[in-house]
Amino acid sequence: MTTPTIHLPFATLLLLLGLLVACFWLAVVSVRGMAAALESQPDGLLPLIGSDEPQRSLLHDWDPRFKIVSILVFAFLVVSLRQPEYVVAALMVALVTVFIGRLSWARSLRRIMAMNGFLVMFLVVMPLTAVVHPGDSLIVFDGINNWPFNLRGLMLALVIIGKAWTVALLMEPLLATAPLGATLEGLSRLGLPKRIGELLLIAHRYIHVFFGELQRMRSGMDARAFRPDHRLDTLTDFGNFVGMLLVRSFERTHRVYDAMQARGYAGEMPNHFNFKSTIADWGKLCLLMAIGISLLLADRLFGGGA
Amino acid sequence: MTRGEDLPKVAVVAAAFFVAALVHVPLGPTSVHLLLPGLVGSLLGPSAFLAIALGLVLQSLMFQFGGLTALGGNALLMGLPALACGLLFQTFKGVNAKRQMIVGGICGGLGIVGSALILAILLAASGEDFLGVAKLALAAHLPVVFIEALIAAFIIRFLFKVKKEMLSAPFTLKRKQP
């Protein structure tokens, strides 16, 4: 088989690039409003993982153990997909899940935007660097003949982006529909060592404490007219700043540990959550598994050899 | 090794490094956030891997940076350089402030070099199509190496002045009994 090559005038490249920049700009503008709304929330700058607000939905009522298994297995099934059309289908499933859970679209969007900078790199680099196989469609722009634009590379990049978005969308349904403690307790019932859950809970708690300290120190620096620039002095100041943060945190570490021991900590934390599985829990698990497995089967059976 | 009753301490210290990594340093027209793998290794010793893994899990849960499916790779590419740099720092740090500062800076820079190298290897191992991405990732880390080395050196200098025992034995610092 020979390589089908499409020749396009150089102006098309400029047009396409302009279109890409325009799309990016449009996305940034439309997201800016949402970002501002998020930042006015108390955990706007540093998001909390779980949600302690009592809320009801199909996802909130789902036993954390079943929810974790279903969503994680589904995510791994999605990552194994290869055909673009089934990746799009998986993305739709993830969107529906967020909708059913009545979750904040702004938070989901923020998760997606966090990855996009990295993903755009794939989108730009992969079409240009993918190795040309026989049968690949190439687009050659006049003027830069030795840099063919490989459509297979573009497809590969788009499939990666689709999978990444799907998994990112599934994270809010997984995490924000229960308190973090309940999710971690569910994980430990599933076999995760109890210690790891405790460590995550402690670390999550103190990240927010230390972040408050960081902001306080930073506003102290600002009050003393600190302006970051590119001189060596700035780096010295940053070194002292981070050093002070570490000193304070290490000292707090001991106080935290003493306080835990004073409250009777002997290597294990008390348990607050009790789980009871119902038919509905099993039903939701089976539904999501069925969707995931049929997507993967369809991906492998139909859709040609990729 | 990390002892069982020390685990809560590792969790709190991991939180401290997590927050330290949120500090943004200006670089040209943009800014970069700190990674500090070398410093984590120097201060925590063998506990560094656990602390980094914790930080990465929380990072992917909170912000979606990294992602759960890439967790293993990320822990490897942050953790191994941290352990190596920690060993390097504890071996060559000497006793005076200047030497500790210089060795700390070198470890800070080497930590990033190690991370970038492992990232490139992992990307290149994903198939020939990813070789271009791997090279680009390696190049993007170059300016960060210098910033990180300088900041790590200044942090070590500060710690030497303020709380020397944090630099001595990796994370076994005991409070003086009154």
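In what order do the elements of chain A run from the N terminus on? With the whole of this predicted model displayed, colour chain A by secondary structure and follow the backbone: the order is β-α-α-α-α-β-β-α-α-α-α-α. Chain A thus shows nine helices and three strands.

Next, keep all of chain A selected and view its overall dimensions. Along the principal axes, the C-alpha atoms occupy a box of roughly 75 × 65 × 30 Å. The radius of gyration of chain A is 25 Å, whereas a compact globule of 306 residues would have one near 19 Å. Among contacts between residues at least 6 apart in sequence, 81% join residues at least 24 apart.

Then switch to a surface representation. Chain A exposes about 16,400 Å², and 68% of this area is supplied by carbon and sulfur atoms. Of its 306 residues, 43% count as buried. If the charged side chains are selected, 27 positive and 22 negative charges appear, and their mean positions lie 4 Å apart.

Finally, select A:Thr177 and display its surroundings. This residue is located in the loop that links helix H5 (151–175) to helix H6 (180–189) of chain A. Is A:Thr177 buried or exposed? A:Thr177 counts as buried because its relative accessible area is 4%, under the 20% cut-off. Add A:Lys67 to the selection: its side chain and that of A:Thr177 are joined by a polar contact of 2.7 Å. Leaving aside residues up to four places away in sequence, A:Thr177 also touches A:Leu59, A:His60, A:Leu103 and A:Glu172, in addition to A:Lys67.

How values were computed: Residues are numbered from 1 along each chain as its sequence is written. Chains are lettered from A and ligands numbered from 1 in the order in which they are written. This is a predicted model: local features need pLDDT of at least 70, side-chain atom pairs count only at pLDDT 80 or more; totals for chains, interfaces and linings use all residues. Side-chain values use heavy atoms; hydrogens and water are left out. Helices (H or I, at least four residues) and strands (E, at least two) are DSSP runs, numbered from the N terminus. The radius of gyration is taken over C-alpha atoms; the globule rule is 2.2 Å times the number of residues to the power 0.38. Buried means under 20% relative accessible area, exposed over 50%, partly exposed in between (1.4 Å probe, protein chains only). Contact means heavy atoms within 4.5 Å. Accessible areas come from the Shrake-Rupley method with a 1.4 Å probe; for residues, only the protein chains shown count as cover. Lys and Arg count as positive and Asp and Glu as negative; His and the chain ends are not counted. The place of a charge is taken as NZ of Lys, CZ of Arg, CG of Asp or CD of Glu. A polar contact is a pair of N or O atoms within 3.5 Å; within protein, one must be able to donate a hydrogen and the other to accept it, and residues adjacent in sequence count only if both atoms are side-chain atoms.
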